[in-house]
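Got a few minutes to go through some labels with me? Let's take them one by one and see what each rests on.

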Amino acid sequence: MSDVLIAETLGTTRLITMNRPQARNALGGGLITELYSALVAADKDPGVHVVVLTGADPAFCAGVDLKEAARDGKKYFDQFADTNCVGQVARMRTPIIGAVNGAAFTGGLELALGCDFLIASERAVFADTHVRVGVLPGGGMTAHLPLFVGIGNARRMSLSGAIVDAAEALRMGLVTEVVPHGELRERALAVAADVGEVDPRMTRGLKKVYAEGIATYTTPASAAETHGAAETPPAFAEIEQRRVEVMAGNRARLGTDHG
């Protein structure tokens with residue numbers, strides 16, 4: 001356990017909770033490193049058959065910590081080279097379930113998309129605001145979002161930055177289930193317990209088959225993200241102003257302080 005992350009072992013389930021609620025669990029303040037380490041540790045632990053990833057209320061994860069990105073520039077993004085927590089979610093050999101309790105925006109949405117499937121609270125909202133902020137996706141958004149919701153819905157979300165609520169996310173196939181907010185933890189743990197009953201050699205083997213089956217799509221898509229980021233690097237000088245504008249826009253669209 002750390003100040004920014006809580007890891008609990010519940011039977012064969014490892015429950016990992018991002019714990020920067022005051023920053024909407026944005027990926028900064030040590031959370032990048034702590035989350036990466038917790039995921040690697042869970043994947044190496046033979047007693048862990050399934051992982052549940054969630055956030056401390058009110059958000060799942062706001063993605064990039066734009067305050068740190070604006071302050072540190074390229075140095076902020078460089079830390080993902082060695083401790084890429086977003087990439088590690090997608091690389092997990094152990095089944096991983098996302099329990100989305102609130103806003104999953106941009107990098108936070110990429111984090112969620114790396115999970116095998118998502119269960120959402122009725123308060124969950126999703127958005128890809130990369131282009132609004134001035135940063136192209138680099139965590140697998142263009143590889144994974146179309147697989148969840150289809151190419152048209154994926155492009156619409158990414159090009160517009162539209163906010164998708166839990167009911168719409170269920171209709172689109174982004175999440176598999178929506179439950180009352182207060183029941184999310186127990187529901188996710190119940191589903192995890194079902195998965196955890198299966199021989200982990202079989203679940204890991206099945207995950208490998210799934211990954212290899214879609215690799216002809218996801219591998220070039222991820223490579224294209226890397227190439228795109230090099231051609232259109234982040235507008236570091238504009239990030240802070242765009243952050244303020246995006247957060248104000250999110251609050252206006254939501255009618256609340258999710259942003």
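Q: Why is glutamate 186 called exposed?
A: This is a predicted model, and in it glutamate 186 has a relative accessible area of 52%. Exposed means over 50%, so glutamate 186 makes the cut.

Q: What makes glutamate 186 and arginine 185 a salt bridge?
A: Their closest N and O atoms are 3.7 Å apart. The rule asks for a nitrogen within 4 Å of a carboxyl oxygen, so the pair qualifies. Both residues also belong to a salt-bridge network with Glu8.

Q: Is arginine 185 buried, exposed or partly exposed, and why?
A: Partly exposed, because its relative accessible area is 41%, in between the 20% and 50% limits.

Q: How do you know that arginine 204 and aspartate 43 form a salt bridge?
A: The N to O distance is 3.9 Å, and the limit is 4 Å, so the pair counts. Arginine 204 sits in helix H11 and aspartate 43 in helix H1, so this contact ties together parts 161 residues apart in sequence.

Q: Why does aspartate 43 count as buried?
A: Its relative accessibility is 6%, and buried means under 20%, so the label fits. Arginine 204, at 23%, counts as partly exposed.

Q: What makes threonine 106 buried?
A: A relative accessible area of 9%, with the cut-off for buried at under 20%. Threonine 106 lies in the loop between strand S6 and helix H5, and its phi is near 55°, a positive value in a residue other than glycine.

Notes
Residues are numbered from 1 along each chain as its sequence is written. This is a predicted model: local features need pLDDT of at least 70, side-chain atom pairs count only at pLDDT 80 or more; totals for chains, interfaces and linings use all residues. Side-chain values use heavy atoms; hydrogens and water are left out. Helices (H or I, at least four residues) and strands (E, at least two) are DSSP runs, numbered from the N terminus. Buried means under 20% relative accessible area, exposed over 50%, partly exposed in between (1.4 Å probe, protein chains only). A salt bridge is a side-chain nitrogen of Lys or Arg within 4 Å of a carboxyl oxygen of Asp or Glu.
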